[in-house]
Amino acid sequence: MKCLSEVVAVDPSILARPDMQRGVHGRLMDNSTSVREAAVELLGRFVLCRPQLAEQYYDMLIERILVW
């Protein structure tokens, strides 16, 4: 996630790719708390600068919020 964050910092549009969406979704559901936190932080940081990403990641974020 740290590496992906650095790549996204240079080109946030990479988060629009379907393979990146699947990867981030997997990290949002990871067993490790730190990995899940890093995924949420990544989305929080870059969805604000690219509002169209909010729509693409909305369902994933809601799923993460609702899963305990």
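Start by selecting helix 2 and helix 3 in this predicted model. The axes of helix 2 and helix 3 come within 7 Å and cross at roughly 135 degrees. Helix 2 and helix 3 are therefore oblique to each other. To see where they meet, show the side chains of Val24, Arg27 and Leu28 on helix 2, then those of Val35, Arg36, Ala39, Val40, Leu42 and Leu43 on helix 3. Colour this contact by class and you will find 7 nonpolar residues, no polar ones and 2 charged ones.

**Stop two: one face of helix 2**

Now keep helix 2 alone, residues 18–28. Which of its residues are buried? Pick out Gln21, Val24 and Leu28. Turn the view until you look down the axis of helix 2: the buried residues fall within an arc of 70 degrees, so they line one face of the helix. A little background helps here. An α-helix has 3.6 residues a turn, so residues three or four places apart point the same way.

What do these buried residues pack against? Bring back helix 1 (2–10), helix 3 (33–49) and helix 4 (51–66), because the buried residues of helix 2 pack against these three helices.

**Stop three: glutamine 21**

Zoom in on glutamine 21, which lies in helix 2. Is glutamine 21 buried or exposed? Its relative accessibility is 16%, and since buried means under 20%, glutamine 21 counts as buried. Select its surroundings next: leaving aside residues up to four places away in sequence, glutamine 21 touches Leu15, Ala16, Gln56, Tyr57 and Met60. Then try your viewer's distance tool on glutamine 21 and leucine 53. They are 32 residues apart in sequence, and their C-alpha atoms are 10.0 Å apart in space.

**Stop four: helix 2 beside helix 4**

Gln56, Tyr57 and Met60 appear again when you select helix 2 together with helix 4. The axes of these two helices come within 10 Å and cross at roughly 10 degrees. That makes helix 2 roughly parallel to helix 4. On the helix 2 side, show Met20, Gln21, Val24, His25 and Leu28; on the helix 4 side, show Gln56, Tyr57, Met60, Glu63 and Arg64. The residues of this contact divide into 5 nonpolar, 3 polar and 2 charged.

**Stop five: helix 3 against helix 4**

Hide helix 2 and select helix 3 with helix 4. At what angle do helix 3 and helix 4 pack? The angle is about 150 degrees, with the axes 9 Å apart. Helix 3 and helix 4 are therefore roughly antiparallel to each other. Helix 3 passes helix 4 in a left-handed crossing. From helix 3, the contact is made by Arg36, Val40, Leu43, Phe46, Val47, Leu48 and Cys49; from helix 4, by Pro51, Leu53, Ala54, Tyr57, Leu61 and Arg64. By class, this contact holds 11 nonpolar residues, no polar ones and 2 charged ones.

**Last stop: serine 5**

Finally, move to helix 1 and click on serine 5. Serine 5 counts as buried, at 9% relative accessibility. Which residues does serine 5 touch, not counting residues up to four places away in sequence? Light up Leu42, Arg45 and Phe46 to see them.

Conventions
Residues numbered from 1 in each chain as written. Predicted model: local features only at pLDDT ≥ 70, side-chain atom pairs only at ≥ 80, totals over all residues. Heavy atoms only, no water. Buried < 20%, exposed > 50% of the residue type's maximum accessible area, 1.4 Å probe, protein only. Helix = DSSP H or I, 4+ residues; strand = E, 2+ residues; numbered from the N terminus. Arc of directions from axis to C-beta. Contact = heavy atoms within 4.5 Å. Axes fitted to C-alpha atoms, helices over the stretch in contact; angles between N-to-C directions. Parallel < 35°, antiparallel > 145°, perpendicular 65-115°, else oblique. Nonpolar A, V, L, I, M, F, W, Y, C, P; charged D, E, K, R; others polar. Left-handed = near helix turned anticlockwise from the far one by under 90°.
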